[in-house]
Each structure stands twice: as structure tokens, then as C-alpha cells.
Amino acid sequence: MKHITCIDDLRALHKRRVPKAFFDYCDRGSYAEETLRANREDLQAIKFRQRILVDVSRRDTSTTILGEPSTMPLILAPVGLLGMQHGDGEIHACRAAQAAGIPFTQSTMSICSIEDIAANVEKPFWFQLYVMKDRGFIKDLIQRAIAAKCSALVLTVDLQVIGQRHADIKNGMTVPPEWSLSKLLDFASKPAWVSGVLRGKRRTFGNIAGHVKNTEDLNRLAEWTASQFDTSLNWKDVEWVRSIWPGKLIIKGILDVEDAEEAAKTGAQALVVSNHGGRQLDGAPSSIEVLPEIVDAVGSKMEIMFDGGIRSGQDVMRALALGAKSCMIGRAYAYGLGAGGQAGVAKAIDIIQKELLTTMGLCGVNKVDEIDDHIIAV
Ligand SMILES: Cc1cc2nc3c(=O)[nH]c(=O)nc-3n(C[C@H](O)[C@H](O)[C@H](O)COP(=O)(O)O)c2cc1C
Ligand SMILES: CC(C)CC(=O)C(=O)O
């Protein structure tokens, strides 16, 4: 890993090491990918004010996230199918996050189950919930997260209707992979990936396989989500989740001030300003474009987390300057996982932390809570 100096290097390695269908599933966005691109472009358009001759010898990225100490304002976002990027991917990513001292969020759509992760890591992790039609099953899932001592529930509210990802259709992306000649040739050129996934605990969705009806459709991901996810989901269901889950609640997938105001009434401690990494509503604004108005509206009532397009410590600095308390990363660490398992995720986190520390120094800032819009050039 010594020649890896940035997240783009991890992406290039991920692309080389993981079959095309799974790399594209991770990398690409929905429809024309306008929102995917806007996430990156709008972050890059924010320029810093360089400040000189400030004593920055005491720089420190540590902070708190929902009252808990964290070594930096960074969270590993829920990412589905990590176990298809690398065998036991969820366990490796969680271990890397815990070793670095930051939270890991397990997706409902994980390959390893909640129990697989809990048995293989040392500290509590966060659990992300998708609400499906079978509410008995969802209640059971929440109870499994409670039994596993998950320390926060991230309720994702922006994927009841799934945005089409052209690449997944073109690639015939299925879980577990279905065989075809082109896939066999692709897999044959990625032997380390194949043996890693074969050695992994599972090759299908650990949390949901066996519980839901229509499992014959489980392999065709988009059709399956369309048949299982509950499109009637509304604010009353958030109250229902709140009544079952006693711990910290985070609502993920807010882009609109009115929705943020509604979220602030639910008793949730935090929300994530997110467009699902440009994988859902194509044509939606970038996350960074709407962040300031959401912070203005509800930032005094809830903790505001941010995601969408973060590929560097500079990007974390930008989101914090515009009012986020912490940032989630999705692709940045998934690239690391595909590139090098736990060590690759650790590398992604380390790269971002070092970039953040350097950027803080060059902007004349010592502490995370000193980062605000005074560091932005107008
Ligand atoms: C491959 C992939 C799978 C994802 N799966 C989930 C998921 O299961 N649940 C969820 O809430 N968000 C999911 N997301 C969205 C991420 O949690 C996050 O919002 C997004 O990745 C942030 O954008 P970034 O990738 O540019 O950092 C997924 C994102 C990616 C890239
Ligand atoms: C299986 C998917 C529904 C997971 C997801 O949230 C995504 O791919 O963006």
C-alpha cells in the first residue's frame, strides 16, 4: 500500500482487483449521473482561505459524534453488499473503523449479518435500517440490532423507490453472482477476489435471506427491492421506529428544509444531509448545495451529518465549514475495501485524516470546533 497516496489510487486498485459488476455497483450513480457529478463538482468549487503565521502546532482532529468521542469527524456510511467487494467485507470495514476510533454503520443490505459482525468486532457499531413491507420482520431486525448492542440506528428514508443504475442492469449485477461466459472470464482474472469471497462467511444477504418472502427474486436486486421496500413509508412510521428503538436515532437522506424541520420533531438526535451518493433522485441538488440552509433551519435542534462526494480531508473540511458536525464516507472506504480489505479501509481513513490535519494547518486552525465559514474564500 505504500504507493497509495490518495483515494483515487484506492479506486484504481479496486477497479483492477474486483469484478466489473461489483466495482460499477459501487462507483456509479443513477440515470444520467448528474447528481453524482454535482456532489463532486460543488465540493471542489469551495475554495479555502490560506492563513499564515498562526501557531498550528497543537492540531487535533478529535471531536464528539452524538456525545461519544471520535478521533475525527468521520463515519463509515452504510454501504450494501460490502461482502461482495471483499470476503467478509463488513467485518473488515468495521474492524478498520474501530481501530481508527470512528463509527462504522452496517447496512441492512449487508452480506455478513448483524450477528456475524457482533461476534467478530470488539466494540458496538451502528445499524442502518431499510423499512420493508413485512413490519414483523423489521421489528425483528430492530430487536436483533438491540441484542447485538448496536449504538445507533440510522433510518434511511430516501430509497423506498429505487433509482435506476444503468450499469447494474448492463452488467447483470446479482447477489450471489450469476454465471455467464463474460463473468467467468472476468472472475478468472481476479483470483484473489474469488478466493476471498469463497472463504467469506456468506455469499448472499446475511440479514434478510431466509426471513422475507419472494426470495426467489433475491438475486435480481432492483426488482427485489422494488417488491420488498415499502413505498407507503411516511412520518408515522418514523414514530413507530422511534417507539421500538430505545437508542440514538439518525434520519438519513434529507435534502429539503421542510423535511429537515419534520425530522427535528421526531425525537431523532441527528439527520444526514444526503442524496444517497447520487444513486437515487438524479437531478437532485448536490448535498453540499443544500447543507447550509438545513443547518440554518435545524442545526440548533439536531446534530447535522453530511455525505455525498467526500473523497479527501479537504472535502471533510469544506462540509464542516458549511455547518456539518461530521461526515459520512461511502465510496471512499468501499474503494479501500476492494483494493485491500481491512488494510485498504484503514488506508482510506488514514489518508483522509492526514489530509484534514494538513488542511487545518494551512487554514490556521487547531481544533475541529474552530472550523467554520471563516476558512472559506469568498
Ligand atoms: C455501493 C453503495 C451502496 C450503498 N448502500 C447503502 C445502503 O445499503 N444503505 C444506505 O443507507 N445507504 C447506502 N449507500 C449510500 C451511502 O450510505 C452514502 O449515502 C453515500 O455513499 C455517500 O456518498 P459517497 O459515496 O460519495 O461518499 C450506498 C452507497 C454506495 C456507494
Ligand atoms: C441494495 C441497495 C438497496 C443498497 C443501496 O442503498 C444502494 O445500492 O444504494
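**Exercise 1. Into which classes do the residues of the shell around ligand 2 divide, and how many fall in each?**

Before solving this, note that the model is predicted, that local features need pLDDT of at least 70 and side-chain atom pairs pLDDT 80 or more, and that totals for chains, interfaces and linings use all residues. Residues are numbered from 1 along each chain as its sequence is written, while chains are lettered from A and ligands numbered from 1 in the order in which they are written.

Solution. Step one is to list the residues around ligand 2, which are Gly80, Met109, Leu159, Leu221, Thr225, His276 and Arg279; a residue is near a molecule if its C-beta atom, placed from the backbone, lies within 6 Å of it. Step two is to apply the classes: Ala, Val, Leu, Ile, Met, Phe, Trp, Tyr, Cys and Pro count as nonpolar, Asp, Glu, Lys and Arg as charged, and the others, Gly among them, as polar. The shell around ligand 2 therefore divides into three nonpolar, three polar and one charged.

**Exercise 2. Describe the shell around ligand 1.**

Solution. Begin with the residues that come nearest, which among the 26 around ligand 1 are Ala77, Gly80, Ser107, Gly277 and Gly330. Then turn to the elements that give two or more residues to this shell, namely α2 (20-27), β10 (326-329) and α16 (331-362); helices (H or I, at least four residues) and strands (E, at least two) are DSSP runs, numbered from the N terminus. The element that gives the most is α16, with three residues. By class, the shell around ligand 1 has eleven nonpolar, eleven polar and four charged residues.

**Exercise 3. Locate His276 and decide whether this residue is buried or exposed.**

Solution. In the sequence, His276 lies in the loop between β8 (270-273) and α14 (287-298), and the UniProt annotation "active site", from an unreviewed entry, covers this residue. Such annotations may be inferred rather than shown by experiment. A residue is buried if 20 or more other C-beta atoms, placed from the backbone, lie within 10 Å of its own, exposed if 12 or fewer, and partly exposed in between. His276 has 26 other C-beta atoms within 10 Å, so it is buried. Leaving aside neighbours within four places in sequence, His276 is in contact (C-beta atoms within 7 Å) with Asp158, Leu159 and Gly253.

**Exercise 4. Compare the surroundings of two residues that have a positive phi, Leu81 and Lys149.**

Solution. Neither residue is a glycine, yet Leu81 has a phi of about 65°, and Lys149 has a phi of about 65° as well. Leu81 lies in the loop between β3 (74-76) and α4 (82-85), whereas Lys149 is found in the loop between α7 (135-147) and β6 (152-156). Leu81 is buried, because 21 other C-beta atoms lie within 10 Å, while Lys149 counts as exposed, because it has 11 C-beta neighbours inside 10 Å.

**Exercise 5. Which residues have the most contacts inside the largest nonpolar core?**

Solution. A nonpolar core is a set of buried Ala, Val, Leu, Ile, Met, Phe, Trp, Tyr and Cys residues joined through C-beta atoms within 7 Å. The largest such core has 117 residues, and those with the most contacts inside it are Ile250, Leu271 and Met305. The element that gives the most to this core is α16, with 14 residues. Leaving aside neighbours within four places in sequence, the contacts of Leu271 include Ile250, Ala260 and Met305.

Technical notes: Contact = placed C-beta atoms within 7 Å.
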